[in-house]
Amino acid sequence: MRRRRTDQTGKFQMSKLRLGFVGAGVINQRLLPHFAVADTAAVVDVTGICDPIVDRAQREADQFATAYAYPSLDAMLDDDRIDAVTIGSPIGLHYQQCLAALNAGKHVHVNKTMCITTSEADSLIGAAERNNVRLVASPGEMLRPHNQQIKKMIDAGDLGTVAWAICGAAFGNYHTDEPERRASQSNDTVDPSWYFKKPGGGPLYDLTVYSLHGITGILGPVRRVASLSGTLLPHREVNGKPVTVEAHDNTVMLLDFGGNRFAIAYGAAAGNLRTRTDMEFDFSGRYFGTHGTISGLLLNGEPFDYPGREIARQAPDRGVHSNFGGNEWVLPHISESHRSLQELHVFEDIMQMVDWAREGHPSVATAEHARHVIEIIEKAYAAAETGITQTLTTTF
């Protein structure tokens, strides 16, 4: 990255981070408008966008005077005008792309899930250390004030002794119903079929990963995993075309946190856990103790306070959804100008990398936490295949 410069008072000023976007699909199309907002543009220059569909990359790059369209990741990484990248490609591509970027000396933010296996995660963490660059991995669930407050309440004994918890998410038709993925006259539809393929497909890597980051951030690392897993719906239809489902789409895990504290985590084909006030995915989960229960944003059936709750209540949803709507408004970098845009939590994770690279502020959205969640998923599939409970080796 470019050196700091001094202003007229002689104080150091950090130069802008020159950021490249890997992929011009749905996630990055939604994220790029955040980088045209004044507070972000003051610290970040969008310098590059790469995508196999070069016209798509060019169209996104045309929104920024500083941005170039690249036909490949290698071309982007060879350019000294790029300080850092955010990786928004299909999950099965994350490992190779992330490793290439780290070895090219670029800071990296990588969308969930960081990679597929624990050994891949070890390799990425090692590459970041060797090249002295920053690696931030989504999802940063412990950046959310309500999750921080849930952890504080549990640690303070507000539930007595925690006995068990439940969390998870289901595919449903979420990705096939997204407007960007429906057939269009321009034939520029962003194909969602990879969500059902290996490697990287299935609800565990795509959705349950949020719940696993949250529950482990709140209760701590998992010790052991048992699981049942399989493919419930072997055939799907995407834009009128049949898709064979390769990935498991229906998994239920039993997690052992030690001290005889257990949790159920699911990545299902259909059906989501909901609270009385939360009509969307309840990624935060439910926690049951000897003296009380936390369910979403409720403690024993009543809303609990957390930093930013009054701001969240100003949103159209009145702040009742634990992971959406107003409760994304209270993330650290979500100023009022960002509230009407999409993917606020992913934008926040990118800005965690930006702050770490520019100012040296480490993030709680660490690659070590991501590695632990990846091992949970990997060991859950192994437990289902072998019928043997698996012991985890990682922590964070």
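Modeller: Helices (H or I, at least four residues) and strands (E, at least two) are DSSP runs, numbered from the N terminus. This is a predicted model, where local features need pLDDT of at least 70, side-chain atom pairs count only at pLDDT 80 or more, and totals for chains, interfaces and linings use all residues. Residues are numbered from 1 along each chain as its sequence is written, and side-chain values use heavy atoms, with hydrogens and water left out.

Colleague: Which helix holds His94?

Modeller: His94 is in helix α5, residues 94-103.

Colleague: Why is His94 called buried?

Modeller: Buried means under 20% relative accessible area, exposed over 50%, partly exposed in between (1.4 Å probe, protein chains only). His94 has 1% relative accessibility, so His94 counts as buried.

Colleague: What does His94 touch, not counting residues up to four places away in sequence?

Modeller: Contact means heavy atoms within 4.5 Å. By that rule His94 touches Ile87, Ser89, Val110, Asn111, Lys112, Thr113 and Met114.

Colleague: What makes a pair with the side chain of His94 a polar contact?

Modeller: A polar contact is a pair of N or O atoms within 3.5 Å; within protein, one must be able to donate a hydrogen and the other to accept it, and residues adjacent in sequence count only if both atoms are side-chain atoms. A polar atom of the His94 side chain lies 2.7 Å from the backbone oxygen of Ser89. The side chain of His94 also reaches the backbone oxygen of Asn111, at 3.3 Å.

Colleague: How do you know that strand β4 pairs with β3?

Modeller: Two strands pair if DSSP finds at least two bridges between them. Strand β3 (residues 17-22) and β4 have 6 bridges, in the parallel sense. Gly20 has Gly48 in β4 as its bridge partner. Strand β4 (residues 44-50) is mostly covered, with 7 of its 7 residues buried.

Colleague: What about β4 and β5?

Modeller: β4 and β5 (residues 68-70) pair over 3 bridges, again parallel. There, Cys50 has Tyr70 in β5 as its bridge partner.

Colleague: Why is Cys50 in no disulfide?

Modeller: A disulfide is a pair of cysteine sulfur atoms within 2.5 Å. The closest cysteine sulfur to that of Cys50 is in Cys98, 13 Å away, so a bond is ruled out as too far. Cys167 is in no disulfide either: the nearest cysteine sulfur, that of Cys115, is 20 Å away. The count is 0 disulfides.

Colleague: Are Cys50 and Cys167 buried or exposed?

Modeller: Cys50 has 4% relative accessibility, so Cys50 counts as buried. Cys167 is buried too, because its relative accessible area is 0%.
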